[in-house]
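Got the viewer open? Here is a short tour, one selection at a time.

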Amino acid sequence: MTAVSEQVGAWLAPFTAQPPAAGWIQELREAGFRRFAEMGFPTTHDEDWRFTNVAPIARSKFRVRAADVLRTLPEGVEQLGLDEVRDHLGHCAGFDQNAFVALNTAFLNDQGLATVLRVPRGAVLESPIEITCEVNGGESGVAVNPRTLILVGANAQCSIVETHKGSGRYFTNAVTEIVAGDGAIVDHYKVTLEAPGAYHVGSTEARLGRSANYTTHSISLGGALVRHNVGAVLSEGTEATLNGLYIVNGTQHVDSHTTIDHAKPHGTSHELYKGILDGKASAVFNGRILVRKDAQKTDSKQTNKNLVLSEEAVIDTKPELQILADDVRCTHGATIGQLDAESLFYLQSRGIGKSEARRLLTYAFAQDIVDRIKVPELKDSLERMLVEKFHEHAQ
Amino acid sequence: MSLLEIRDLHATVGDREILKGIDLTVDAGEVHAIMGPNGSGKSTLAQVLAGRELYQVTGGQVIYDGNDLLAMSPEDRARAGIFLAFQYPVEIPGVSNMYFLKAALNTVRKSRGLEELDAFDFLSLVKEKMKLMEMDQALLNRPVNTGFSGGEKKRNEIFQMAVLEPRLAILDETDSGLDIDALRTVAGGVNALRGPERAMIVVTHYQRLLNHIVPDFVHVLSEGRIVKSGGKELALELEESGYAGLGIEDEEEAVGKV
């Protein structure tokens, strides 16, 4: 047996041990597993995974478990069964090119453990939909494949807070699909607070209707190895905003791969990702923007800013623009910098101690991402977490 | 004992020696003006006194209130009562002016053995000082110096000084970029802080500011040395005959000079 088939083989037993699902779901699972088996886990030879080595995940023997997901649903949200969403499931997050999505699909749970929700047409939700996946991995390690599909009806308005946390050793392989109808307003948050020994690979894929307004925030603070794929396909007049904040220390690694697909004309996208790196941590930002031939009058702006607090931290940042239309405006920029010596001196010259001054400036760097969070409870708790975190970093 | 005693101070930036032996004594209650052409070392002197690490002190001594100033960190100097009004106040997006000033005031107060001010007392103090500087209170909630006009930045410096109540204030070209009205306001703020316990070093290129902040002593700096000292009439003399009258080349006026 080759190494690849050995790695894949470890997942075969739990796959076949699942009770079979009804008709098309079982077929989808099998297709997922087949594709996973063909591809195996990616290596750093794959262009998409050049800077992220998932060997620690591929080599591990995890016990596969159903994800323990806590859902808080505001009034007006409908829970659906997996069997009701055949037309949508897997349409945003295709697994043809992504082994992790394929693996997640192979473990689709049809017993109500997958999160399948519908926000009816025109509904305006007063409070956020909260989806919290907590994994207690223990010492030997478990793997979970949480799956979420949210259908937001035309002209509906909602916010979604997805949180990932846990303890011990584990691997969360999450897939979230969001389908937003015409004119829908969706504000999505993915907060990754995984345990220090945890691996997290996630895909958040959105398909957005005409004139829909979609914002997704990816806040990544925890985990040993984290990879986020964030994708959005825009229609005519759609507005999409992708915000990201990653804060890493020690030997943490976080990789954000985003893809904005301007499929139709008059779409607008804004992307701002900020990173704070300390210790021997590393981060990757890869921002792909595709403007299809049809998508005239596209307006797209991408920014990635990194604050590097140590000598040994590493950031790889890369824009990837593919523009096939000719009447568009696309800008992109990336910066990598340290704390500004002049700002530090200014604060110190007013009596503020050096480590406090560093903390203040580090916090200030993240401030504009925090300010974009519209859910007050989330904003407050994040502010508190950041204050604690930067005390560490300032030392 | 003098409040500040600078003895034969030498400082470099990179390989370039900028201060080439400065001697200056400042007593409490005195206002000293330091004048000189661009590049003479005025701003370097101001920044070295505040503890900017960009400059290396290569010789000499500075005794402040009986202590070795050069051994102190910038924050300790501030806590001991030194205040530098920056020539170019730094913009710090993401940190509100209010938060910044409260943190600064409370650390300074703590080191002086005073109680920290609560939000209410802080606000009433700040309001009083803002009135003095004719500043818009909205500036408090804005990030430090971010999006401020040149004049607002300079007012903000003197406002901070009024709040922190230093023992030795160093004003680095506080007049540059100010129109006459702003200059009057800023000078008014400075004059309100003059007192027997407080000393000031006013660094300026032009005599203009010294019409409003009348110094006790004037020193002319050229090529890293004090070449002439006198009373306030020295500033007027410079106004009449320029630095050239003292045989000093003023780089700024030598247009086209490489």
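We start with the whole of one chain, then go to its domains, a helix pair and the chain contact.

Before you click: this is a predicted model, where local features need pLDDT of at least 70, side-chain atom pairs count only at pLDDT 80 or more, and totals for chains, interfaces and linings use all residues. Residues are numbered from 1 along each chain as its sequence is written, while chains are lettered from A and ligands numbered from 1 in the order in which they are written.

**Stop 1: all of chain A.** Colour by secondary structure and you get seven helices and 20 strands (DSSP runs numbered from the N terminus: H or I of at least four residues for helices, E of at least two for strands). Along the principal axes, the C-alpha atoms fill a box of roughly 70 × 50 × 40 Å. The radius of gyration of chain A is 21 Å, which agrees with the value near 21 Å for a compact globule of 395 residues (taken over C-alpha atoms; the rule is 2.2 Å times the number of residues to the power 0.38). Buried residues make up 50% of the chain, buried being 20 or more other C-beta atoms within 10 Å of the residue's own, with C-beta atoms placed from the backbone.

**Stop 2: the two domains.** Select 3-340 for domain 1 and 341-395 for domain 2 of chain A; the bounds come from an automatic or database domain assignment. Their C-alpha centres lie 27 Å apart. Where they meet, 20 residues of domain 1 are in contact with 20 of domain 2 (contact: C-beta atoms, placed from the backbone, within 7 Å). On the domain 1 side, strands E8 (157-167), E10 (185-192), E12 (213-220), E14 (239-248) and E16 (268-277) each supply at least two residues.

**Stop 3: a helix pair.** Show H2 (residues 23-39) and H4 (residues 99-106) of chain A, which pack at about 145 degrees with their axes 7 Å apart. Axes here are lines fitted to C-alpha atoms over the stretch in contact, and angles run from 0 to 180 degrees between N-to-C directions. Turn on side chains for the contact: among them are A:Phe33 and A:Phe36 of H2(A), and A:Ala102 and A:Leu103 of H4(A).

**Stop 4: chain A against chain B.** Which helix gives the most to the chain A side? Pick H6(A), with six residues. Helix H5 (341-348) and helix H6 (354-371) of chain A each supply at least two residues there. Overall, the contact takes 16 residues from chain A and 20 from chain B.

How values were computed. Two residues are in contact if their C-beta atoms, placed from the backbone, lie within 7 Å. A residue is buried if 20 or more other C-beta atoms lie within 10 Å of its own, exposed if 12 or fewer, and partly exposed in between; C-beta atoms are placed from the backbone.
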